[in-house]
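Colleague: Before using this model I should like to know on what grounds its features are named. May I put my questions to you in turn?

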Amino acid sequence: MQNLIDQLGQLLGQQFVLTDDQEKSPYLTDWRKRFTGKALAVVLPKTTTEVAQIVQLCAAANVAIVPQGGNTSFCGGATPDDSGKQILLSLKRMNQIRELDVANQTITLEAGCILQSVQEKAAAQDFLFPLSLGAEGSCMIGGNLATNAGGTNVLRYGNTRDLCLGLEVVTAKGEIWDGMKGLRKDNTGYDLRDLFIGSEGTLGIITAAVMKLYPLPISQWTTLVATQDIASTIALLNLFQKRATSLLTGFEMMTQESLELNEKHFPQMANPLKGKPAYTVLIELSDHESEEHVRQLLEAILEEAFKANIVTDAVIASNLSQANSFWQMREHITLAQAEEGANLKNDITIPLSSLDRFIQETDHLMRTQYPGVRIINFGHLGDGNLHYNIAPPLGVDAKSFNVDHEKAIYALVNAQVERCKGSISAEHGIGQLKLGDLRDHKGVVAHDLMKALKAALDPQNILNPHKVVSI
Ligand code: FAD
Ligand code: 2HG
Ligand code: ZN
């Protein structure tokens, strides 16, 4: 293996091939500290050609590669195994914004661009880059594409997949596929772009992308609304969908238990709504007309909701800083969970028509079988996406609770998801966390097709092996 390390050093420069344990360490544990691996080396290429050459060298030495962006994902996809024989390839030095095309409304980016910097670059030219998520200060566009990230704007603009027009990918053979066309229509056979998006580094290494831009809204209103149960929350969503149509850009749900955890760790995140509502909903409307226009629409919809008895309280943010504090409250739930200790994440989608039943039944089963368990349920309700996370009863050690119950709790939630024809991964992917659940969830035919694709595109199994599917 020393030979490979030497070759990589000659290619990239010794300073971009990390072999020292201390230098490698930040790349080898995930954000949640749920997965830790080992690596022969961490390599930091600067160009697509260098990525291609790394893959060629690794293929010749039969050494597997784990691509990594911001290392913020939740399913262990960016963490190598513990053999110490894999190479971790970080895209972080590939962070150039290659072009912003005003007429075509597109932005061309290298994979290592940090999401927030892309949003800022777009905004500086009066454009919106709509992908938005709590990790935007450190996740990277290549990672967003590789996981097909969701976030808080999906109900208006779609997932990362929907925002992507073109890709540049290094294949498992070390070839460069140039699919960097900024076209909104292109029916020329199989869609390779969509194959690589969401493949979590198992089919190719994304080195650059052409992404869509949108006009920047000029007015935005944010409100927090209290509801008593999930049925009224869905009725509220449907009302907003009907009255606000495409102006509805955010509809996030938080249970009381989630916000209590927030307040425990971040007392400044107190809910401004009265009397600890069962559900707190964050709603955002965005428009290209005057502030007044959206404000009136928002008030009219809320009035209708009060009359229909589907809401019990509401606070409209009076300025940008209050609107930001509402969003902070929502985004801090993940951070509060991290402060509290290890938890079991269930990132699921349920059809809205089955959501009420799912929550009632699953809450009941969970609380009966695991008395005292805390259900940290929140998420992108507008997309039917719940983060139905499970924390141990107060006073119980999280690590031993998870060792004892992780399998059974995932099985319980997955069975409920299947009954409701939902998905066991709405936006976080499969990685290594859900590798073992995929076959049952997708069915044998779909799973076999996935394995066939993996075998066809990466016959040597050197790109992020044993993530998503094993061949
Ligand atoms: P990484 O974690 O580095 O990698 C993720 C996967 O992609 C791995 O399998 C890796 O091998 C692969 N990969 C990375 N880069 C490339 C590349 N260039 N080519 C090929 N494969 C690659 N996710 C959501 O969907 N919605 C949310 O709302 C959301 N909120 C979050 C909030 C917080 C506080 C945190 C910590 C995470 C959140 N996430 C969310 C999860 C995470 O941020 C996303 O999955 C994000 O897209 C991962 O990007 P990354 O650059 O960190 O990827
Ligand atoms: C979010 O929506 C993220 O905030 C994280 O997807 C969810 O902490 C989680 O489980
Ligand atoms: Zn989410």
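**Grounds for the assignments**

Modeller: I begin with the largest nonpolar core, which has 50 residues; those with the most contacts inside it are L236, F240, F251, F358, M366, L386 and Y388. The model is a predicted one, in which local features need pLDDT of at least 70 and side-chain atom pairs count only at pLDDT 80 or more, while totals for chains, interfaces and linings use all residues. Side-chain values use heavy atoms, with hydrogens and water left out, residues are numbered from 1 along each chain as its sequence is written, and chains are lettered from A and ligands numbered from 1 in the order in which they are written.

Colleague: What makes this set of residues a nonpolar core?

Modeller: The term denotes buried Ala, Val, Leu, Ile, Met, Phe, Trp, Tyr and Cys residues joined through side-chain atoms within 4.5 Å. Buried means under 20% relative accessible area, exposed over 50%, and partly exposed in between, with a 1.4 Å probe and protein chains only. Helix α9 (230-244) is among the elements that give two or more residues to this core, and α9 gives the most, with 7 residues.

Colleague: Why is the core said to lie between domain 3 and domain 4?

Modeller: Domain 3 (219-340) and domain 4 (347-419) both give residues to this core, so it lies between them. The domain bounds come from an automatic or database domain assignment.

Colleague: With which residues is M366 in contact?

Modeller: Contact means heavy atoms within 4.5 Å. Leaving aside neighbours within four places in sequence, M366 is in contact with V373, I375, Y388, I390, I409, L412 and V413.

Colleague: Why is β17 described as largely enclosed?

Modeller: 7 of the 7 residues of β17 are buried, so the strand is largely enclosed by the rest of the structure. Strands are DSSP runs of E with at least two residues, helices are runs of H or I with at least four, and both are numbered from the N terminus.

Colleague: How do you know that β17 pairs with β18?

Modeller: Two strands pair if DSSP finds at least two bridges between them. β17 and β18 (residues 385-391) are joined by 7 bridges and run antiparallel, so they satisfy that criterion. I376 stands opposite N389 in β18. The two strands form a hairpin with 4 residues between them, and G384 in the turn has a positive phi of about 70°. β17 also pairs with β13 (residues 248-255) in the antiparallel sense, over 2 bridges, and there M253 stands opposite G379.

Colleague: What makes H380, H387 and E427 donors of the zinc ion (ligand 3)?

Modeller: Donors are N, O and S atoms within 2.8 Å of the metal (3.2 Å for Na, K and Ca); water is not among the atoms, so sites may look incomplete. H380 (NE2), H387 (NE2) and E427 (OE) lie 1.8 to 2.1 Å from the zinc ion, so they qualify as donors. Their spacing along the chain is H-x6-H-x39-E. H380 in β17 (residues 374-380) and E427, in the loop between α14 (398-419) and α15 (438-442), are 47 residues apart and link distant parts of the chain. Both H380 and E427 are buried.

Colleague: What makes β5 and β9 edge strands?

Modeller: β5 (97-101) and β9 (176-179) each pair on one side only. They belong to an open sheet of 5 strands in the order β5-β6-β10-β8-β9, with antiparallel pairing. Within this sheet, β8 (residues 164-170) and β10 (residues 205-212) are joined by 6 bridges, with L167 the bridge partner of A209.
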